[in-house]
Amino acid sequence: MKKSTQIQLSVMMFLEFFIWGGWFVTLGTFLGNNLNATGAETGMAYSTQSWGAIIAPFVIGLIADRFFNAERILGVLHIAGAILLFQMSQASDFGAFYPYILGYMIVYMPTLALVNSVSFNQMTDPAKEFSYIRVWGTVGWIAAGLAISYVFGWDSSANIQRGLLRNTFLMTAFASGILGLFSFSLPKTPPKASAGEKITLSDILGLDAIKLLKDRNFLIFFLSSVLICIPLAFYYQNANPFLAEIGVDNPTGKMTIGQASEVLFMLLLPIFFKRFGFRKTILFGMLAWAIRYVLFAYGNADELTFMLILGIALHGICYDFFFVSGQIYTDTKAGESHKSAGQGLITLATYGVGMLIGFWVAGKISDSYVSVDGLHDWQAIWLYPAGFAALILVIFAISFKNEKVEYKAS
């Protein structure tokens, strides 16, 4: 790969995740404080990610893979996204806001696959080259969080009340417009399939891999993946509002520790995986979920702030040790003929169905612990996902039989 191409792809990844991280983390705080949204309404807003994930395969399978270059579709979707993000910044109540965020996630979620397609199309050895490109996405997410807290201060208590978190949508609308225009200069990535080639619903959704569920171990892993999305949804939906409400300074900036942790534990994962195997790696990831939420339940913004920071820092173990290990496991079980279908099935089950359930549960439980003055009983709220994670851990430990799984960097 030429150096100029590597730089182009790195900028693309940086902007792709700068845009997502620039509004998604603070969304719950913005909705609760500035649009007076309930927990259930906040859950509805976050669940648009799941609807986008469910619809995305149709955009990719029916359009991107058959008719148009991936970089052109990427450009069009991000320009449309810029318009929708601007409209989100102008909404005065949740009813006006919701259609725009739903539309936005429907156009944004397909871009996650498109940036990968554009990248892979330029690589001769993706196993070695992709990580050097993808890491810039994580850097972009971190940069957005640091900018919100330490450059602009939009998430300070005073500025939240002044409504300055609206600016996160304006900032990311600008970035989305830039990426939309920039995308047309990216290397050409033509469609993979001919326009006349027959494509089925099974192909689009990865349903060819459903036969993998006949394997008892894979079925247990599959169901655990769906269920673990309930605790995951609590983190995405509630962590920033929680930190802001209890008075933690620069909450969005502090949450970038989670992304830094993700990079660190991604590097440690191969070592842990080879030494302890898949089953123990997954169990360790589940245990980290339970520990994280106990730390959130009993930490505070004063002398026990370190517990909150530690809980955020566990994100790398929570995410990498479960979800990345799960992708490797799925790749191994699916075999050559069903690799893409297997990954598609797991993505649909987790970011689609699992997160949809998770955000609904998180919203309902959050609403159950709101006082008359609008404050939350966060200790009670966080103990629910801690209990969910511990229960899934026990079920998995009892049901999943140990088997040898080879770690593959690709």
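Select helix 1, residues 3-24, together with helix 4, residues 70-90, in this predicted model, and look along the pair until both axes can be followed: they come within 13 Å of each other and cross at roughly 25 degrees. Because an angle under 35 degrees counts as roughly parallel, helix 1 runs roughly parallel to helix 4. The crossing of these two helices is left-handed. To see where helix 1 and helix 4 meet, show the side chains of M12, E16, I19 and W23 on helix 1, and then those of L74, H78, L85 and M88 on helix 4, since these are the residues that make the contact. Coloured by class, the contact between helix 1 and helix 4 shows 6 nonpolar residues, 1 polar and 1 charged.

Keep helix 4 on screen and add helix 5, residues 94-120. Here the axes of helix 4 and helix 5 come within 9 Å, and the crossing angle is roughly 155 degrees. Angles over 145 degrees count as roughly antiparallel, and helix 4 and helix 5 are therefore roughly antiparallel to each other. Their crossing is left-handed. On the helix 4 side, the residues to display include A70, I73, L77, G81 and L84, while on the helix 5 side the partners include F97, Y100, G103, Y104, V107 and L114. Divided by class, the contact of helix 4 with helix 5 has 17 nonpolar, 5 polar and 1 charged residues.

Which residues does L84 touch, leaving aside those up to four places away in sequence? Centre the view on L84, which lies in helix 4, and its contacts appear as Y100, G103, Y104 and V107. A distance drawn from the C-alpha of L84 to the C-alpha of G103 should read 7.3 Å, although these two residues are 19 residues apart in sequence.

Next, move to helix 10, residues 216-245, and helix 11, residues 251-298, whose axes lie 8 Å apart and pack at an angle of about 160 degrees. Helix 10 and helix 11 are therefore roughly antiparallel to each other, and their crossing is right-handed. Among the residues of helix 10 that take part are F221, I228, P231, Y235, F242 and L243, and among those of helix 11 that they meet are M255, F278, I282, W289 and F296. The contact between helix 10 and helix 11 contains 18 nonpolar residues, 3 polar and 1 charged.

With helix 10 and helix 11 still selected, turn to the empty space inside the model. The structure holds 3 cavities of 30 Å³ or more, and about 90 Å³ of space lies in the largest cavity. To find the largest cavity, select the residues that line it, namely F24, V25, W141, Y235, Y236, M255 and Q259. Helix 10 and helix 11 are the elements that give two or more residues to this lining. The lining of the largest cavity divides into 6 nonpolar residues and 1 polar, with no charged residue.

The last stop is the second largest pocket, which holds about 480 Å³ of space. Where should the view be centred to find the residues nearest its centre? Of the 25 residues that line the second largest pocket, G32, N33, E245, G374 and H376 lie nearest its centre, and selecting these five is a way to place the view. Then add helix 2 (27-34), helix 3 (39-64), helix 7 (157-161), helix 10 and helix 14 (339-368), which are the elements that give two or more residues to the lining. Helix 10, already displayed for its packing against helix 11, gives the most to the lining of this pocket, with 5 residues. Coloured by class, the lining of the second largest pocket shows 7 nonpolar residues, 15 polar and 3 charged.

Technical notes. Residues numbered from 1 in each chain as written. Predicted model: local features only at pLDDT ≥ 70, side-chain atom pairs only at ≥ 80, totals over all residues. Heavy atoms only, no water. Axes fitted to C-alpha atoms, helices over the stretch in contact; angles between N-to-C directions. Helix = DSSP H or I, 4+ residues; strand = E, 2+ residues; numbered from the N terminus. Parallel < 35°, antiparallel > 145°, perpendicular 65-115°, else oblique. Left-handed = near helix turned anticlockwise from the far one by under 90°. Contact = heavy atoms within 4.5 Å. Nonpolar A, V, L, I, M, F, W, Y, C, P; charged D, E, K, R; others polar. 1 Å grid on protein atoms, 1.4 Å probe; cavity = no way out; pocket = protein on both sides within 12 Å on 5 of 7 lines; lining within 4 Å. Points joined across faces, edges and corners; volume = space filled by probe spheres on them.
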